[in-house]
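Here are my notes on the model, as numbered points. Have it open on your screen while you read.

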Amino acid sequence: MNQLELKTGTKAVIKTNLGDMTFILFPEIAPMAVENFTKLSANGYYDGLIFHRIIKDFMIQGGDPTGTGMGGQSIWGHPFKDEFSEEAHNYYGALSMANSGPNTNVSQFFIVHANTAPPQMLNQMEKLSEQGYPEECVENYRRVGGTPWLDFHHTVFGQLIEGKETLEKIACVETEPGDRPVNDVIIDTIEIIA
């Protein structure tokens with residue numbers, strides 16, 4: 001599977017006060033993360049929450065009902081385990097679980113906004129590709145950007161397929177110290193399309 005080419009399957013439309021973003025989800029790769037996200041979305045958990053942390057050229061983060069980055073709950077009532085795969089990477093537009101360390105996933109998520117990957121990291125990855133690291137992965141990071149240092153630290157469970165202009169708009173809002181937007185960026189609702 002090349003996550004950048006996948007277009008069919010379960011989708012999530014994150015509707016915000018600045019526009020919509022549509023993601024293809026990866027239930028085969030991250031079944032628990034997808035189940036958690038889709039059920040929380042269907043139950044209205046994310047409705048009215050804000051993107052509380054926005055760092056241009058890095059990521060936008062939401063899914064915390066307290067709006068502080070310290071809260072959240074999974075559908076199981078406790079954190080759930082990481083689900084890493086060689087087939088899912090933190091490319092530009094990746095939808096990933098935010099966490100506070102290994103196996104601490106609850107409701108918070110982020111969307112990668114890095115348009116480029118650091119050249120020194122790409123060079124390291126190219127050396128790794130000579131030892132079996134997927135060359136396609138290196139090429140994808142080179143082509144679309146992303147945050148390769150987050151791979152195998154954060155579960156990737158979806159990929160942006162529509163609404164890049166909305167991601168760009170959100171990522172460019174003015175922020176205060178602590179990377180909090182001056183004006184709230186609100187998740188109106190998240191619609192799941194099977």
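1. Let's start with Val173. Its relative accessibility comes out at 21%, so Val173 counts as partly exposed; the cut-off for buried is under 20%. Keep in mind that this is a predicted model. Val173 sits in the loop between H4 and E8. Leaving aside residues up to four places away in sequence, Val173 touches Leu18, Ile54, Pro181 and Val185. Asn183 is 10 residues away along the chain, and the two C-alpha atoms are separated by 8.0 Å.

2. Now the sheet. There are 8 strands in an open sheet, ordered E3-E4-E6-E5-E7-E2-E1-E8, with antiparallel pairing. E3 (51–55) and E8 (187–193) are the edge strands with a single partner each, so each has one side without a neighbour in the sheet. On average, neighbouring strands are turned by 25 degrees against each other, direction ignored.

3. For a detail inside the sheet, look at E2 (residues 19–25) and E7 (residues 156–162), an antiparallel pair with 4 bridges. Thr22 has Glu162 in E7 as its bridge partner. Helix H4 (residues 164–171) packs on the sheet, and E2 and E7 are among the strands it touches. The direction of H4 makes about 120 degrees with that of E2.

4. Helix H1 (residues 31–42) also deserves a look. H1 lies across several strands, including E1 (11–16), E5 (94–97) and E6 (109–112), and runs at about 120 degrees to E8.

5. On the aromatics: the model holds 10 aromatic pairs. In one of them, the ring centres of Phe37 and Tyr46 are 5.4 Å apart and the planes are at 40 degrees, so this pair is tilted. Phe37 and Tyr46 are both buried. These two belong to one aromatic cluster with Tyr45, Phe51, Phe109 and Phe157.

6. Which residue forms a salt bridge with Glu191? It is Lys15, with the closest N and O atoms 3.0 Å apart. Glu191 is in strand E8 and Lys15 in strand E1, so the pair ties together parts 176 residues apart in sequence. Glu191 is partly exposed at 36% relative accessibility, and Lys15 is partly exposed too, at 26%.

7. The model has 4 salt bridges, and two others are worth listing. Glu126 and Arg142 form one, with the closest N and O atoms 2.4 Å apart. This pair links helix H2 (residues 119–129) with helix H3 (residues 135–144), its two residues being 16 residues apart. Lys56 and Asp57 form another, at 3.7 Å from N to O. Lys56 is partly exposed at 45%, and Asp57 is partly exposed at 45%.

Definitions and conventions: Residues are numbered from 1 along each chain as its sequence is written. This is a predicted model: local features need pLDDT of at least 70, side-chain atom pairs count only at pLDDT 80 or more; totals for chains, interfaces and linings use all residues. Side-chain values use heavy atoms; hydrogens and water are left out. Rings of Phe, Tyr and Trp (its six-membered ring) pair if their centres lie within 6.5 Å; planes under 30 degrees apart count as stacked, over 60 as edge-to-face and the rest as tilted. Buried means under 20% relative accessible area, exposed over 50%, partly exposed in between (1.4 Å probe, protein chains only). Two strands pair if DSSP finds at least two bridges between them. Axes are lines fitted to C-alpha atoms, for helices over the stretch in contact, and angles run from 0 to 180 degrees between N-to-C directions. Contact means heavy atoms within 4.5 Å. A salt bridge is a side-chain nitrogen of Lys or Arg within 4 Å of a carboxyl oxygen of Asp or Glu.
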